[in-house]
Amino acid sequence: GGLKDYTAWGGIVRDEIQRESSLNISVNASVSNGKLSVETDLLALETLSGKLQLWVLEDGIVAPQISHSGANPQYVHNHVFRDALNGTWGEDVTLSLGEQKMVEHKNIELDASWKTENLSVVAFVYNNDGVMQAAQCKVTINE
């Protein structure tokens, strides 16, 4: 709703947390033979239209970081964006009230420099009003 004075942020966040979502999302991701497969389950709690976006994140990346306290050459970076699995803007999704849909993405080649044990996948659906719902899961290794 636009710019808000910082003194109002607490109430705004509380109100947003209490809002009912229009969508339930669950996501499962696994790697087998170096290939990633992602299953995203969507359940519409109202009729909706938006874009499903799938991102790969990596934790535990040790690299330099400069902060207000100085440089730290051994800083551990988490939640580092690695890739958008289904394109820059995601893919269209339209659901009717009560409709459930499973979206699968299989045999996605992973970058060899990524540490599979530190990967997770975030799934979210968004539209012009913002993010409707999001879910995250650790990547399971089946090798």
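This section describes the fold, strand pairing, aromatic contacts and largest pocket of a predicted model.

The secondary structure of the protein chain comprises one helix and twelve strands, and these elements follow one another along the sequence in the pattern α-β-β-β-β-β-β-β-β-β-β-β-β. Taken along the principal axes, the C-alpha atoms fill a box of roughly 45 × 45 × 20 Å. Of the 143 residues in the protein chain, 34% are buried.

Strand 1, which spans residues 23-32, shows an alternation of its side chains between two faces. Leu23, Ile25, Val27, Ala29 and Val31 point to one face and are buried, whereas Asn24, Ser26, Asn28, Ser30 and Ser32 point to the other face and are not buried. Strand 1 pairs with strand 2 in the antiparallel sense over ten bridges, and within this pairing alanine 29 stands opposite valine 38 of strand 2, while valine 31 has leucine 36 of strand 2 as its bridge partner. The two strands form a hairpin with two residues between them, in which asparagine 33 adopts a positive phi near 55 degrees. Strand 1 also pairs with strand 12, in this case in the parallel sense and over three bridges. Valine 31 takes part in this pairing too, with isoleucine 141 as its bridge partner in strand 12; the residue is thus bridged to leucine 36 in strand 2 and to isoleucine 141 in strand 12.

Strand 2, residues 35-44, is largely enclosed by the rest of the structure, because seven of its ten residues are buried. Besides its ten bridges to strand 1, strand 2 forms eight bridges with strand 10 (residues 100-109), again in the antiparallel sense. One of the bridge partners in this pairing is glutamine 100 of strand 10, which is matched with leucine 43.

Aromatic contacts were examined next. A pair of aromatic rings is described by the distance of the centres and the angle of the planes. The count comes to four aromatic pairs. Among them, tyrosine 6 and tryptophan 9 form an edge-to-face pair, with 6.4 Å from centre to centre and 80 degrees between the planes, and both of these residues are exposed. Another pair is formed by tryptophan 55 and phenylalanine 124, whose ring centres lie 5.0 Å apart and whose planes stand at 85 degrees, so that this arrangement is edge-to-face. Because tryptophan 55 lies in strand 3 and phenylalanine 124 in strand 11 (residues 119-127), the pair ties together parts that are 69 residues apart in sequence. The two partners fall into separate accessibility classes: tryptophan 55 is partly exposed, with a relative accessible area of 31%, whereas phenylalanine 124 is buried, with a relative accessible area of 10%. Both residues belong to one aromatic cluster, which is formed by Trp55, Phe81, Phe124 and Tyr126.

A polar contact involves histidine 77, which lies in strand 7 (residues 76-77). The side chain of histidine 77 reaches the backbone oxygen of alanine 63 at 3.3 Å. The relative accessible area of histidine 77 is 18%, and the residue therefore counts as buried, given that the class is limited to values under 20%.

The largest pocket of the model has a volume of about 320 Å³. Its lining is made up of 15 residues, of which Arg19, Glu20, Ser22, Val131 and Met132 are the closest to the pocket centre. By class, the lining contains three nonpolar, seven polar and five charged residues. Strand 3 (48-58) and strand 12 (130-141) each supply at least two residues of this lining, and strand 12 gives the most, with four residues. Strand 12 therefore appears in two parts of this description, as the parallel partner of strand 1 and as a contributor to the lining of the largest pocket, while strand 3 both carries tryptophan 55 and supplies residues of that lining.

Conventions:
Residues are numbered from 1 along each chain as its sequence is written. This is a predicted model: local features need pLDDT of at least 70, side-chain atom pairs count only at pLDDT 80 or more; totals for chains, interfaces and linings use all residues. Side-chain values use heavy atoms; hydrogens and water are left out. On a 1 Å grid over the protein atoms alone, a cavity is a set of points where a 1.4 Å probe fits but cannot get out, and a pocket is an open set with protein on both sides within 12 Å along at least five of seven lines; lining residues have an atom within 4 Å of a point. Grid points are joined across faces, edges and corners, and a volume is the space filled by probe spheres set on the points. Ala, Val, Leu, Ile, Met, Phe, Trp, Tyr, Cys and Pro count as nonpolar, Asp, Glu, Lys and Arg as charged, and the others, Gly among them, as polar. Buried means under 20% relative accessible area, exposed over 50%, partly exposed in between (1.4 Å probe, protein chains only). Two strands pair if DSSP finds at least two bridges between them. Rings of Phe, Tyr and Trp (its six-membered ring) pair if their centres lie within 6.5 Å; planes under 30 degrees apart count as stacked, over 60 as edge-to-face and the rest as tilted. A polar contact is a pair of N or O atoms within 3.5 Å; within protein, one must be able to donate a hydrogen and the other to accept it, and residues adjacent in sequence count only if both atoms are side-chain atoms.
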